[in-house]
Amino acid sequence: MNEPIIIRVSDLVGGPRAVDAADGEKIFEKILPLLQDGRDVRLSFEGISMVITAFLNTAIGKLYGVLPEDQVDRMLKVKNLLPLFQPSLEKSVEWSKAYYRDPERLQKAIMEELDDEE
Amino acid sequence: MIYKLTNVGSNSDGFNALATLAATTNDIEYSSLELSFAGVSWFDANMVAPLGVVLAHVLDRYNTVSIVDLAWGQKSILQRNGFLDGFGYPAPTNWGGTVLPYIRYKITEAHRFYDYLDEYLPGKGMPEMTSDFSLRFQQSLGEIFINSQVHSNSRLGVFVCGQFYPAKQRLDISMADAGITIPGRINRRFKINMPPVKALRWALIEGHTTKQDSPGGVGLKLIHDFVTLNGGCFQIASGRAFWEFHHGVEKFLELGHDFPGTVVNLEVYTADKKSYGAKKSSVEM
């Protein structure tokens, strides 16, 4: 059985803050081919003292737009994330799943609101 | 063109004054603007951030801008935070204990914005917070900054400024971008023509986003919850839409003209004696 590949966020963002969506994109591009190859990935936030949702949306959330939910959930594990940022991760994953299950959901919702007004 | 500015406070009248300035100067190019403060008796220091947005648009159309008729007190306020640095009045070498300086960032400079918070927020009267809550609070401010990067595509940057008023027991912070407005991007994204206030109301609901290639919708929940308990004030102006949350009361209104970007204002009541934290504090969030 293959050992999981460990990706350290701090190595890719070059510091203690994961606060840039463009940095999230780098992580996404690193993780995606590994998961597609069937490799388990451990994404380590060791040494990271600030994380924002926009980063998590691109680094992790976008994976749900390419791969099946259960594959991402099973093969990607997050490690060493400070507990205070756990709600941000959970929210990002929850919204990402909802978004990619039905990308037109918001379009429908806003059209309904406009219809209500008329 | 000579334009006589009126009072600019951190309120809907102040945003209307800046939106009117933007609309009146919208057509000038390859020309000059003299912005007169002769009719200004009050200008909230933090509001130089949205003023910076308006003037950045004017300058971007190859105009020159000068600021004239500044009374001593106004000059002192606007010079102290560095706003007048580009207008012939150099920024001070020492910011003093109450100023969060006026800084213009590129939208890609989120790291520098966090440096700004680390450097200038301490000692400005923020209520007591656990270190975890303080980090979450800063995280939320950064999320607002990043919204400019992710959504507004503000090529003219993001403008930040703040002021602590110890005697008035308040701390005001403004973050303003010069990009596509919230109503503008909702209407563009969904190919609709939603009225501005309705569009802003829609955008404020957690989970609603205009981003197409990845999920977004970062809410303003923590700051909103904090302001609810703190008794401060939270405002957003974007295009013609204005929203304010003050003392638990929400107010939406339409500005007389388009503000050419998005501004988020946070007012913190600094005499608040509550202690904020994630757990085991007097106020948990």
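Tutor: Helices are DSSP runs of H or I, at least four residues, numbered from the N terminus (strands are E, at least two). Just after α3(B), G82(B) has a positive phi of about 90°. This model is predicted, so local features need pLDDT of at least 70 and side-chain atom pairs 80 or more, while totals for chains, interfaces and linings use all residues. Residues count from 1 along each chain's sequence, chains are lettered from A and ligands numbered from 1 as written, and side-chain values use heavy atoms, without hydrogens or water.

Student: Why does L117(B) count as buried?

Tutor: Buried means under 20% relative accessible area, exposed over 50%, partly exposed in between (1.4 Å probe, protein chains only). L117(B) has 2% relative accessibility, so buried it is. L117(B) sits in helix α4 (residues 110-120) of chain B.

Student: What puts Q74(B), I77(B) and L78(B) on the same side of α3(B)?

Tutor: These three are buried in α3 (residues 72-80) of chain B. They span an arc of only 85° around the axis (directions from axis to C-beta atoms), hence the same side.

Student: Why is the pair Y99(A) and Y100(A) called edge-to-face?

Tutor: Phe, Tyr and Trp rings (six-membered for Trp) pair with centres within 6.5 Å; planes under 30 degrees apart are stacked, over 60 edge-to-face, the rest tilted. Here the centres are 4.9 Å apart and the planes at 85°, so edge-to-face fits. F113(B) and Y116(B), by contrast, are stacked, at 6.3 Å and 10°.

Student: How do you know that F113(B) and Y116(B) are about one helical turn apart?

Tutor: They're three residues apart in α4 of chain B, so about one turn separates them. F113(B) and Y116(B) are both buried.
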